[in-house]
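User: I'm new to protein structures and would love a close look at one part. Could you walk me through the place where two chains come together?

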Number of protein chains: 2
Amino acid sequence: MNPVFKATEVIGAGLIGTSIALKLVKNGGFVRLIDPNTHHQKVANQLMGAALLDGEGQPECVIVATPVDVSAMVIIEALRLYPNAIVIDIGSVKTKVLHEVWTKGEKNSDLLRRYLPTHPMAGREFSGPEGAQSDLFESRPWAITPHPENSAEIRELGARFITEMGAIPQSLTPEEHDQQVAMTSHAPQILASALAGSLSGELALSGQGLRDMTRLAHSDPDVWISILSANAAALGPHLQRIVKSINLLIDNNFDQQSVLEFMERGRSGVQRIPGKHGGIPRNYSSLNVVIPDRAGQLAALFNHCADVKINIEDLRIEHSPGQETGLITLYVQTGDLSTLEDHLSTLGWQCTEGKKII
Amino acid sequence: MNPVFKATEVIGAGLIGTSIALKLVKNGGFVRLIDPNTHHQKVANQLMGAALLDGEGQPECVIVATPVDVSAMVIIEALRLYPNAIVIDIGSVKTKVLHEVWTKGEKNSDLLRRYLPTHPMAGREFSGPEGAQSDLFESRPWAITPHPENSAEIRELGARFITEMGAIPQSLTPEEHDQQVAMTSHAPQILASALAGSLSGELALSGQGLRDMTRLAHSDPDVWISILSANAAALGPHLQRIVKSINLLIDNNFDQQSVLEFMERGRSGVQRIPGKHGGIPRNYSSLNVVIPDRAGQLAALFNHCADVKINIEDLRIEHSPGQETGLITLYVQTGDLSTLEDHLSTLGWQCTEGKKII
């Protein structure tokens, strides 16, 4: 593959910066990956190996992958230092950084023209270069939030870079972006941490729902401190709406009408979330299968699914405290359900239809 | 198997009542399953078949599996109608129903002695008899919340019944139970519905975190209306603590110290959740593997895992909008990780270590 940029400087060797660097190298580019954290810098240098862009090399592109509270400063420096490079910011919050670049930087439209704000939607539960992987962005949405000084050429170059990363470019305004991530990423993080933080005592009765609802609470606070603060303007009002809906339930003492309206709003909202393959979520049918807790059982099960050439669209394993066996839920196209159920039952698997839901 | 009770009446042919009936029949018992909903009653009769306890038969046990707002009344009636039967309530909320039985029923301690409050921890995303399965309780915790009139003999009988259902008896006071389910089941449901209900517009940037955090929002409001209202006393104050922690963040404009304390509290709380096999959660290691989106790939992958005799402790599939391939995360014992990674890489799977987290 002919890389969009032969030489790239990546500033910030965290999960995202390092993953971008790995993908660039894989695609045949030369990369200088720098980080003020000496541990990160060391890991980064080991990863770059022979593809290291030397200290004097002029990058065609600079990727700013720093925490969002310092990214405006880094962006302005990069624009001044490399007068021919495109500077691509990949931070999680867009409006505030754009505003800072605009107000702190010179009002030099040639400089600003080369600054393209973007944001890849990739995992945030992990952090640091050790978790980096070249395929982190594979088929993920990657927002481009251009500003008026960006030429069509710069936007096009950014989209080509994003495609090269394996991701799917999505154009939004910076304001739309910040509203969307407040809803789809920042509020879920807050609710997961709030729920986990409210737990106390022995939890003998906890189930899968609680585990799903608190998984994000493992996230690294260092990653989130600058993000949440930078997006306070969009996040605060959104959380207030959520809090208000909960307070209304409490104030009405969970009366029938309030609970019904509240839960119906939730059922309608969850339909907005795109499913696999994007667009409108599909309704799959599900089959619950009991699996003994020993090596090889999953292999046996999926072999039997493959016998009848049925594609498993999604799956979930459920475990509970003290459980020796597991319950796996297979999601398949509705038309495939009875074939699969008949086949597995015949072969001795204990299985039951679930609901059409995902 | 010799069933604990030869003849049982199950009142309420919803998901839980019907699943209990199915398991009783499977274990060789005779069952009368009754429901005021004619559709449920019809499904129930079909399911019972030859194991139907006829209308005149005296049950040794009555299972009350009605919505919690009517269960006290049903319990009292059953205690009076069948003077030799144990009456086992399986509702999701304990204190309020116990109080109602106590105040509305006669203060006849022989009557009350035979009433045993319990609660199986089983899935609540689905409802109705169609979703019932005899193994619904397999290895799940099942709370027994006895009251002072219960004799040791009645408690013992209840524990034997629960074990026969495949579940694991857990003794708690009714108050402990209601506090725990407020924390581990009712609050997660509220937060999932609140988050889903807050969604609006096009959600081009949503990822797996949002999907995990809103899965419970699919739940049936009819099931939850009586539960939430009956547990208002425990749930209200718990939700207020959660809301307070979120309001504090908003009021402090997401400043560094507030976010840090808030998220650290979440990280510490999530450690309290029991993992697979109960007790202290294990730390598994994870391996991310890219899987092409076509039939047979999962079978191939699990065959390759079975080659090296490694037990997959848990797994997750991640899909994003527009994604053609999937990313599967396999959780294994930390000591097994490098063996599995080496083996899969050699066979051409694209895989990368994740973090030690679950």
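How many residues of chain B are in contact with chain A, and how many residues of chain A do they touch?

Analyst: Happy to help! Please keep in mind that this is a predicted model. On the side of chain B, 125 residues are in contact with chain A, and they meet 125 residues of chain A.

Let's turn to area. The size of an interface is often given as the accessible area lost when the parts come together. Here, chain B and chain A bury about 11600 Å² between them, and carbon and sulfur atoms give 66% of that. Of the area that chain B buries against chain A, 7% is supplied by L205(B), H218(B) and F254(B), more than any other three residues.

Now for the polar side of the story. Across the interface of chain B and chain A, 19 residue pairs are in polar contact. The count of salt bridges between the two chains is two. In a salt bridge, the side chain of R215(A) meets that of D212(B), at 3.2 Å from N to O. Helix 7 of chain B gives the most to the side of chain B that touches chain A, with 16 residues.

Helix 7 of chain B also helps cover a neighbour in your view, helix 9 (residues 221-230) of chain B. Eight of the 10 residues of helix 9 are buried, including W224(B), I225(B) and L228(B). Helix 11 (256-270) of chain A is among the elements that cover these buried residues, together with helix 3, helix 4 and helix 10 of chain B. At the start of helix 9 of chain B, look for D220(B): one of its side-chain oxygens comes to within 3.0 Å of the backbone nitrogen of D222(B).

Technical notes
Residues numbered from 1 in each chain as written. Chains lettered and ligands numbered in written order. Predicted model: local features only at pLDDT ≥ 70, side-chain atom pairs only at ≥ 80, totals over all residues. Heavy atoms only, no water. Buried < 20%, exposed > 50% of the residue type's maximum accessible area, 1.4 Å probe, protein only. Helix = DSSP H or I, 4+ residues; strand = E, 2+ residues; numbered from the N terminus. Contact = heavy atoms within 4.5 Å. Polar contact = N/O pair within 3.5 Å; in protein donor to acceptor, adjacent residues only side chain to side chain. Buried area = accessible area lost by both parts, 1.4 Å probe. Salt bridge = Lys/Arg side-chain N within 4 Å of Asp/Glu carboxyl O.
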